[in-house]
Amino acid sequence: MRKENLKKESQFERVSKTEIRKFLLRYFLSEWKMILLTQVVLFVQTYFNIYQPFFTQDFIEAAIQGKTDEMVELIKVFAYQNLFLIISEPLLEIFVSKFKKRLEIKIQSEIFQQILSKDIQFFEMTKFVQIQQLANQGSRSVMDLACGDRIFRQLKSIFRSIGHCYFLFYKSIYISLCLLAFCALKGFWNHYSNKLKLSLAKDNFKDMVERDNRFQDIMQNVMTVKAFGRESKEIQKYQKQLEKISDQSIKIQYQNSKMDAVSEILDRLQKIIVLYYGSMYFILEQKRVQVSTITTLLQYSNSFIQVYNAIKELIGLDDQNMYLLVEAIVKLFNQKPEQGLSEHIYVDITQPEKKDEDQNINQIHSTTNGEATSDSNQDRQISQADNLNKKRILSGDIQFDNVCYKYNIRNQDEYVLKNVNLQIKDGEFIAFAGTSGSGKSTIIKLIERFYDVNEGQILIGGKNIKDISIGLLRTQIGLVQQEPVLFDTTILENIVYGVDAYNMENVQEVCDISGVSEFVFDKERFPDGLHTLVGSKGLLLSGGQKQRVAIARALIKRPKILIFDEATSSLDAESEFQVQQYIDKLVKKRGMTIIVVAHRLSTIVNCDRIYVMQKGQIVEQGSHKELLDLNGYYKQLINRQLYNDENASNLGINNLSSQSLDNIKTKNDQNNSSDENTNSPKEIKKKSIHYKTYEETSINQNKKND
Ligand SMILES: Nc1ncnc2c1ncn2[C@@H]1O[C@H](COP(=O)(O)OP(=O)(O)OP(=O)(O)O)[C@@H](O)[C@H]1O
């Protein structure tokens with residue numbers, strides 16, 4: 001099976017040049033009308049240019065023979081032709097730049113669509129630098145090879161050189177045949193040298209990706225590098241990488257010079273032969289040799305090879321770096337998109353936008369100035385959007401039937417989830433507990449359908465998850481992750497990120513529930529309120545504030561399933577307390593299935609049901625009390641956590657009676673109810689201390705019991 005996969009992968013890796021050409025041709029032909037027009041102008045331009053040597057010849061002969069009328073006629077034609085050439089050149093440039101801009105947008109957005117359509121595994125396996133390279137240099141290369149300036153230069157060159165070849169054949173078939181033989185020789189040489197250059201460029205390309213990746217890695221982890229004092233080591237490593245790339249480049253350069261020298265020798269040899277053989281031929285044939293004919297022959301002697309080179313450059317994909325980038329893009333396009341991803345993510349920018357229900361929703365989304373409009377028309381549209389959303393609502397029931405899952409990347413043979421069975425009813429408050437690596441987050445990822453199960457099935461609202469469009473599924477799930485990731489824009493835009501329609505009442509509501517209101521409307525610290533910029537990765541907000549914005553963002557979607565994946569574990573004690581307070585409030589409101597992946601077990605004692613996980617399996621399930629009474633793995637976890645807790649270890653206590661843990665539950669209940677109306681920072685600080693010392697109280701009580 002594994003071998004088969006590898007075989008498939010390697011087959012997939014191969015992209016033929018023909019496939020790449022077809023790919024480029026698709027873009028080229030998408031602008032065929034404009035291209036045709038430019039080609040007609042180009043053709044006329046070329047014809048006039050070719051005529052110039054004939055004109056000189058005819059004009060000199062007319063002048064020698066004293067035919068003034070003919071000379072005037074020739075001058076007139078010459079003037080008209082030049083006028084056309086002068087006017088057509090800038091016009092052509094405007095035409096070309098216009099459709100090229102359009103094509104550029106098409107290519108860039110299609111590449112972006114392709115990248116976003118890939119599943120999570122694609123992003124796990126592809127280095128960020130590579131993705132960035134595809135989006136930037138890759139799209140430029142596609143543009144260049146499909147419809148860049150060089151294409152028009154080459155087409156121009158082909159037309160011109162074909163004209164010159166015609167002239168050569170017209171003057172001497174033998175010389176032309178001799179030149180054709182040279183052309184074949186040079187063609188063979190080019191083919192051989194390009195193959196060599198490509199293999200060298202491939203290595204160089206790989207090294208450059210490595211270098212950029214390393215650079216980015218260091219920049220992102222600069223604090224760790226400094227903390228471990230590894231600056232000089234990193235500089236050395238980076239220098240080595242640079243030297244390797246430089247050596248490769250010199251090798252390529254050396255190779256190129258060798259190839260060019262051979263081409264140059266062939267060129268000069270060809271000129272000598274034309275000069276000698278041409279003159280001899282005219283002498284032997286006892287024809288009247290015109291100096292201008294021999295000069296033109298010499299001038300045009302490269303025409304065959306120019307036609308060959310231009311065609312080769314047009315279709316031969318000789319620029320190694322560009323070729324490699326386009327090859328990577330074709331691979332990207334060949335790779336399957338995320339399964340079940342609704343087709344609507346593919347937007348054909350060349351087509352006028354469809355007037356469908358989805359678009360109605362889009363119209364409501366008004367983030368241009370960050371303010372939602374509030375006229376009656378908009379209210380009507382919002383209710384349309386609501387209706388549409390209602391039609392699409394799933395129920396919050398979740399069922400896992402014998403689910404097995406293993407990640408593809410490594411541990412190919414080891415399942416991280418083994419025969420998981422669970423049933424969550426709409427509106428329940430559920431928690432997953434267990435040691436690190438037991439598979440809790442993997443369950444969440446499967447519910448989000450970031451991956452597909454290997455065995456068994458997942459049902460949401462009674463429907464197999466694979467039969468639900470990913471677009472619909474994900475609008476129904478609100479996910480708050482461990483590390484809140486915010487976009488570098490305003491708080492408001494971060495909150496409304498996941499919805500097409502919103503009004504300020506919606507925003508106010510979610511801000512109140514999530515606790516964003518508490519800080520964002522503080523005029524002193526946040527004078528711009530919701531329009532405050534959060535900075536890159538939300539750096540201008542504290543961890544707790546970021547997490548509250550993330551909760552508001554999840555809530556505004558009105559999800560049927562709300563998931564907190566260790567949402568408070570990266571926060572400091574005070575922020576954790578604040579965020580937990582709002583999560584508890586939410587739990588009370590319900591109206592949706594709430595799933596919590598818990599780090600701190602004291603936060604889940606109020607759950608309807610806790611699933612306890614160990615090595616990818618659910619080993620226990622039940623309410624907090626039931627699990628304590630079971631006196632099994634869950635209780636061990638609780639004991640271990642309290643034992644590891646700083647306060648507990650100071651007290652030297654490693655066991656907790658079920659009575660004291662019940663006290664946690666009761667105390668948390670009391671906290672939740674009394675927390676409802678107390679939001680001042682001072683109060684929160686007090687409660688934070690209370691919240692932390694609460695475990696100590698339980699432990700002390702436990703000590704007494706023991
Ligand atoms: N993207 C991934 N690719 C490969 N293996 C992964 C991936 N994510 C998780 N794993 C592995 O799957 C197993 C379960 O991981 P998971 O994140 O689900 O555990 P967890 O219980 O949520 O742990 P934690 O509490 O530390 O977050 C681990 O052995 C982990 O190394």
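User: Which N or O atom distance separates an oxygen atom of the ligand from the side chain of serine 436?

Analyst: This is a predicted model, and in it an oxygen atom of the ligand is 2.5 Å from an N or O atom in the side chain of serine 436. A polar contact is a pair of N or O atoms within 3.5 Å, so the serine 436 pair, at 2.5 Å, can be read as one. Backbone atoms take part as well: an oxygen atom of the ligand is 3.1 Å from a polar backbone atom of serine 438, and an oxygen atom of the ligand is 3.0 Å from a polar backbone atom of glycine 439. The ligand on its own has 630 Å² of accessible area, of which the protein covers 74%.

User: How many residues surround the ligand, and how do they divide by character?

Analyst: The shell around the ligand holds 16 residues, and the closest are Glu124, Ser436, Gly437, Ser441 and Thr442. By character, the shell divides into 4 nonpolar, 7 polar and 5 charged residues.

User: Which helix gives the most to that shell?

Analyst: Helix H16, which spans residues 440-447, gives the most, with 4 residues.

User: How many residues of H16 are buried?

Analyst: A residue is called buried when its relative accessible area is under 20%. In H16, 6 of the 8 residues are buried, so this helix is largely enclosed by the rest of the structure. The buried residues are Lys440, Thr442, Ile443, Ile444, Leu446 and Ile447; Thr442 is also among the residues closest to the ligand. Just after H16, arginine 449 takes a positive phi of about 55°.

User: Turning to charged side chains, how many salt bridges does the structure hold?

Analyst: The general idea is that side chains of opposite charge can pair when their charged atoms come close. The structure holds 16 salt bridges. In one of them, lysine 106 pairs with glutamate 110, with the closest N and O atoms 3.3 Å apart. Because these two residues are 4 residues apart in helix H4 (residues 68-117), about one helical turn separates them. Lysine 106 and glutamate 110 are both buried, and together with Arg26 they are linked in a network of salt bridges.

User: Which helices hold aspartate 207 and lysine 244, and is each residue buried or exposed to some degree?

Analyst: Aspartate 207 and lysine 244 form a salt bridge in which the closest N and O atoms are 3.5 Å apart. The pair links distant parts of the chain, since aspartate 207 lies in helix H8 and lysine 244 in helix H10, 37 residues apart. Aspartate 207 is buried, with a relative accessible area of 12%, whereas lysine 244 is partly exposed, with a relative accessible area of 48%. Another salt bridge joins aspartate 212 to arginine 211, with the closest N and O atoms 3.0 Å apart, and aspartate 212 counts as partly exposed at 26% relative accessibility.

User: Which residues form the nonpolar patch on the surface?

Analyst: The patch is formed by Phe169, Ile173, Tyr174, Leu177, Leu180, Leu269, Ile273, Tyr276 and Tyr277, which together have about 850 Å² of accessible area. Helix H8 (173-220) and helix H10 (231-284) each supply at least two residues of this patch. One of the patch residues, leucine 269, is found in helix H10; at 42% relative accessibility, leucine 269 counts as partly exposed.

Methods:
Residues are numbered from 1 along each chain as its sequence is written. This is a predicted model: local features need pLDDT of at least 70, side-chain atom pairs count only at pLDDT 80 or more; totals for chains, interfaces and linings use all residues. Side-chain values use heavy atoms; hydrogens and water are left out. A residue is near a molecule or strand if one of its heavy atoms lies within 4 Å of it. A polar contact is a pair of N or O atoms within 3.5 Å; within protein, one must be able to donate a hydrogen and the other to accept it, and residues adjacent in sequence count only if both atoms are side-chain atoms. Accessible areas come from the Shrake-Rupley method with a 1.4 Å probe; for residues, only the protein chains shown count as cover. Ala, Val, Leu, Ile, Met, Phe, Trp, Tyr, Cys and Pro count as nonpolar, Asp, Glu, Lys and Arg as charged, and the others, Gly among them, as polar. Patches are made of residues with over 30% relative accessible area and no salt bridge: like charges are joined within 9 Å, nonpolar side chains (Val, Leu, Ile, Met, Phe, Trp, Tyr) within 5 Å. A salt bridge is a side-chain nitrogen of Lys or Arg within 4 Å of a carboxyl oxygen of Asp or Glu. Buried means under 20% relative accessible area, exposed over 50%, partly exposed in between (1.4 Å probe, protein chains only).
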